[in-house]
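Me: I am a first-year student and would like a close look at a single part of this structure, the surroundings of the ligand. Please also explain how that part connects to the rest of the chain.

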Amino acid sequence: MPKIAVELAGLKLSNPTMLAAGVLGTSASLLRRAVEAGAGAVVTKSIGLEPRVGYPNPTVVRVPYGLINALGLPNPGVKEFAHEIREAKGAVPIIVSVYGFSSDELSKVASMAVDVGADAVELNLSCPHVKGTGSELGQDPKVLADVVMAVKDAVNKPIFVKLTPNVTDVVAIAKAAEEAGADALTAINTVKAMAIDVETARPILANKIGGLSGPAIKPIAIRCVYEIYEKVEIPIVGCGGITTWRDAVEFLLAGASAVQIGTAVALRGLDVFRSIVKGIESYVRRKGFRSVKEIVGLSHKL
Ligand SMILES: Cc1cc2nc3c(=O)[nH]c(=O)nc-3n(C[C@H](O)[C@H](O)[C@H](O)COP(=O)(O)O)c2cc1C
């Protein structure tokens, strides 16, 4: 059997799949269910310094080939979430997704998460629907670099920077993150989007604008990973529209060392992990490779 274990920014994963931030990762028991279902690592819902209620409903709308969501980062705050991190710790790496309204706030949340057991932190510098945080910090290379440097100073665990596709030049943002000390990049978060109800003539989401996820965004995410891989050395985690093993393999060929799965878990359930892992393994064997690492970035080399 080919090897499908990967090492990523010092984290050891038994396979290259991870639960994406925000989908199911709201409690220790849900995180553990993703692990039991076969995820090689799990990412929590994005957590901030203070509790947040999020936006009123509707917060999610189904569209052809995806979802548009504007949840508004609801979360109980890092103090309250600490026991979930402690309880979720176990068989696979747990990566705590953090957001904040300043580099100081992000550093505080990240260091509190690490103190209670996070194996790594993922900086959400890419949420497209909350003012003053997320993509507002991640769309400007200078602002992003300041945040990454501050968090790097505050914690001694790997830092993943989650990138927004809602920029003109995603490579410039990726390079700024790498130069500021990021250990890995996650590409991508949702694509800014909206939907209008033609009967009422009103925007469907309470926040009007949200982020598109699911198969609709996969080609955008593949392009981002492919472009970033050409210019940065740190590992990339591919994310966006992965539903089948073929999607996952496409990301690996584009240059991702691992993949995250969100919408497919929400729409199809946790079984997607097992079938994607099995499919990656048989693809690698069928093509005659000894390890999944041999296909990372392969499409650049042919
Ligand atoms: C309902 C929902 C909630 C999400 N919440 C977060 C979040 O809290 N933090 C974050 O960084 N990304 C969040 N995301 C984005 C996903 O982690 C992922 O980047 C995006 O959905 C693309 O992957 P997918 O097509 O596999 O879902 C959320 C996505 C969805 C659909």
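Reply: A residue is called buried if 20 or more other C-beta atoms lie within 10 Å of its own, and exposed if 12 or fewer do. E36 has 12 other C-beta atoms within 10 Å, and therefore it is exposed. T263 has 25 C-beta neighbours inside 10 Å, so T263 counts as buried. The model in which these values were computed is a predicted one.

Let us begin with the ligand itself. It is surrounded by 27 residues, and the closest of them are G22, S46, S213, G262 and T263. By class, this shell consists of twelve nonpolar, 13 polar and two charged residues. Strand 6 (66-69) and helix 9 (263-268) are the elements that give two or more residues to the shell. These two elements will guide the rest of the description.

The residue T263 belongs to helix 9. Which residues does T263 contact, leaving aside its neighbours within four places in sequence? They are G66, L67, S213 and G214. G66 and L67 are residues of strand 6, while S213 belongs to strand 14. The contacts of T263 thus lead us to strand 6 and its partners.

In strand 6, G66 and I68 point one way, whereas L67 and N69 point the other way. In a regular strand the side chains alternate between the two faces of the sheet. In this case G66, I68, L67 and N69 are all buried.

Strand 6 has a partner on either side. Strand 5 (60-63) runs antiparallel to strand 6, and four bridges join the two. Within this pairing, V60 stands opposite N69. The two strands form a hairpin with two residues between them, and Y65 in the turn has a positive phi of about 65°. Strand 14 (residues 209-213) also pairs with strand 6 in the antiparallel sense, here over three bridges. L67 has S213 as its bridge partner in strand 14. S213 is thus one of the closest residues to the ligand, a contact of T263 and the bridge partner of L67.

These pairings belong to a wider arrangement. Four strands form an open antiparallel sheet in the order 5-6-14-11. At its edges are strand 5 and strand 11 (191-194), each of which pairs on one side only. Neighbouring strands of the sheet are turned by 40° against each other on average, with direction ignored.

A second arrangement is a barrel. Eight strands close into it in the order 3-4-7-8-9-10-15-16, and their pairing is parallel. From one strand to the next, the twist averages 25°. Strand 16 (residues 258-261) is covered on both faces: A258 and Q260 on one side and V259 and I261 on the other are all buried. Strand 3 (residues 17-19) runs parallel to strand 16 and is joined to it by three bridges. Strand 15 also pairs with strand 16 in the parallel sense, over three bridges. Q260 takes part in both pairings: M18 stands opposite Q260, and C239 stands opposite Q260 as well.

Further along the barrel, strand 10 (residues 184-187) and strand 15 (residues 236-239) pair in the parallel sense over three bridges. Here the bridge partner of L185 is I236. L185 also appears in the largest nonpolar core, which has 107 residues. V42, A113, V121, L185 and V225 touch the most other members of that core. The largest share of the core, seven residues, comes from helix 7 (residues 218-231). In soluble globular proteins, nonpolar side chains tend to be buried together. Leaving aside its neighbours within four places in sequence, V225 contacts A187, I236, G238, F251, A254, G255 and A256. I236 is thus a contact of V225 and the bridge partner of L185.

Finally, distance along the chain may be compared with distance in space. T263 and D104 are 159 residues apart along the chain, and their C-alpha atoms are separated by 31 Å. E36, which lies in helix 1 (residues 28-36), is 237 residues from F273 along the chain, yet their C-alpha atoms are separated by 9.6 Å.

Notes: Residues are numbered from 1 along each chain as its sequence is written. This is a predicted model: local features need pLDDT of at least 70, side-chain atom pairs count only at pLDDT 80 or more; totals for chains, interfaces and linings use all residues. A residue is near a molecule or strand if its C-beta atom, placed from the backbone, lies within 6 Å of it. Ala, Val, Leu, Ile, Met, Phe, Trp, Tyr, Cys and Pro count as nonpolar, Asp, Glu, Lys and Arg as charged, and the others, Gly among them, as polar. Two residues are in contact if their C-beta atoms, placed from the backbone, lie within 7 Å. Two strands pair if DSSP finds at least two bridges between them. Axes are lines fitted to C-alpha atoms, for helices over the stretch in contact, and angles run from 0 to 180 degrees between N-to-C directions. A nonpolar core is a set of buried Ala, Val, Leu, Ile, Met, Phe, Trp, Tyr and Cys residues joined through C-beta atoms within 7 Å.
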